[in-house]
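Colleague: I'm new to reading protein models, and I'd like a close look at one loop and then a tour of some other spots. Could you walk me through it in a friendly way?

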Amino acid sequence: MDIDYSAIRDLPQAAQLSDEDWNLFVERTRTKRIPKGVTLIQAGQLVKHAYFCTMGLFRLYYTLQDGREYNVAFTVENDFATSYGAMVMGTPSFFTIEAMEDSAVIEISYDVLKELMDKSRAWERFVYKSVERLYIRKEERERELLYLTAKERYDVFLVKYPGLGHRIPQYHIASYLGITPVSLSRILHSEKD
């Protein structure tokens with residue numbers, strides 16, 4: 001089965017792309033299948049690509065010095081995954097991106113992305129809007145961790161990632177919320193009462 005490009009074409013920020021802009025993108029990118037458990041980006045690795053998830057699920061996580069993993073985000077269908085800062089600065093990623101399900105992505109090299117932006121104002125706007133969206137999500141995440149209770153963070157998680165609670169183990173959700181699996185179990189139990 002071919003990986004479908006239509007999801008990325010249907011994004012609101014793609015509305016201004018001409019057929020020529022779009023065809024160049026399709027010609028210069030490639031699709032990949034990523035089996036469950038395989039990493040797209042490993043912490044310590046230089047980042048040369050951004051990925052658009054067309055099917056599946058990825059987690060973005062830091063590994064602490066004591067070996068514990070801390071989930072900072074999830075990428076689901078119709079969203080981007082990369083270490084954008086590392087890609088732009090040419091430095092190694094501080095976090096890992098791993099497939100949590102058999103997944104499919106459109107792989108976009110940073111060199112191609114720069115070329116598209118140089119050739120087309122519409123692609124420049126597309127990237128600007130995409131990065132703007134990522135920045136807003138990062139800021140929201142920081143605010144959640146600083147100001148919300150664990151229960152409130154869980155409620156936000158359910159809204160931000162609808163249906164994801166049934167696709168991943170609870171310990172990954174707990175890690176994302178910054179709490180222990182036992183604390184998450186208490187939250188879930190209190191909702192049933």
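Modeller: Happy to! Let's start with Asn78, which sits in the loop between β5 (69-76) and β6 (79-81). Please keep in mind that this is a predicted model. Is Asn78 buried, partly exposed or exposed? Its relative accessibility is 37%, so Asn78 counts as partly exposed. The backbone here deserves a second glance, too. Most residues other than glycine have a negative phi. Asn78 is not a glycine, yet its phi is positive, at about 70°.

From that loop, let's move to a strand. Thr96 belongs to strand β7, which covers residues 96-99. Thr96 has a relative accessible area of 1%, so it is buried. What does the side chain of Thr96 reach? One partner is the backbone nitrogen of Ala43, at 3.0 Å. Another is the side chain of Gln42, with which the side chain of Thr96 makes a polar contact at 3.5 Å. If you set aside neighbours within four places in sequence, Thr96 is in contact with Thr39, Ile41, Gln42, Ala43, Arg59, Leu60 and Tyr61.

Now for a pair of helices. Two packed helices are described by the angle between their axes and the distance between the axes. For helix α2 (residues 19-28) and helix α4 (residues 110-119), the axes come within 11 Å and cross at roughly 165°. An angle over 145 degrees counts as roughly antiparallel, so α2 is roughly antiparallel to α4. The crossing of α2 past α4 is right-handed. Which residues make the contact? From α2 they are Leu24, Phe25 and Arg28, and from α4 they are Val112, Glu115, Leu116 and Lys119. Sorted by kind, the residues of this contact are four nonpolar and three charged, with no polar ones.

Next comes helix α5, which spans residues 121-147 and holds Glu144. Val127 is found in α5 as well. Val127 has a relative accessible area of 7%, so it is buried. Beyond neighbours within four places in sequence, Val127 is in contact with Tyr84, Leu113 and Met117. The C-alpha atoms of Val127 and Met117 are separated by 7.8 Å, and the two residues are ten apart along the chain.

Glu144 may catch your eye, since a charged residue can still be buried in this model: with 7% relative accessibility, Glu144 counts as buried. Where does the side chain of Glu144 make a polar contact? The partner is the side chain of Lys160, at 2.9 Å. Not counting residues up to four places away in sequence, Glu144 touches Arg153, Val156, Lys160 and Tyr176.

Our last stop is helix α6 (residues 150-160), where you will find Phe157. Phe157 has 1% relative accessibility, so it counts as buried. Apart from neighbours within four places in sequence, its contacts are Phe74, Leu164, Gly165, Ile168, Ile173, Tyr176 and Leu177. Met117 turns up again here: the C-alpha atoms of Phe157 and Met117 are separated by 33 Å, with their positions 40 residues apart along the chain.

Conventions
Residues are numbered from 1 along each chain as its sequence is written. This is a predicted model: local features need pLDDT of at least 70, side-chain atom pairs count only at pLDDT 80 or more; totals for chains, interfaces and linings use all residues. Side-chain values use heavy atoms; hydrogens and water are left out. Axes are lines fitted to C-alpha atoms, for helices over the stretch in contact, and angles run from 0 to 180 degrees between N-to-C directions. Helices (H or I, at least four residues) and strands (E, at least two) are DSSP runs, numbered from the N terminus. Angles under 35 degrees count as roughly parallel, over 145 as roughly antiparallel, 65 to 115 as roughly perpendicular and the rest as oblique. A crossing is left-handed if the near helix is turned anticlockwise from the far one by less than a right angle, and right-handed if clockwise. Contact means heavy atoms within 4.5 Å. Ala, Val, Leu, Ile, Met, Phe, Trp, Tyr, Cys and Pro count as nonpolar, Asp, Glu, Lys and Arg as charged, and the others, Gly among them, as polar. Buried means under 20% relative accessible area, exposed over 50%, partly exposed in between (1.4 Å probe, protein chains only). A polar contact is a pair of N or O atoms within 3.5 Å; within protein, one must be able to donate a hydrogen and the other to accept it, and residues adjacent in sequence count only if both atoms are side-chain atoms.
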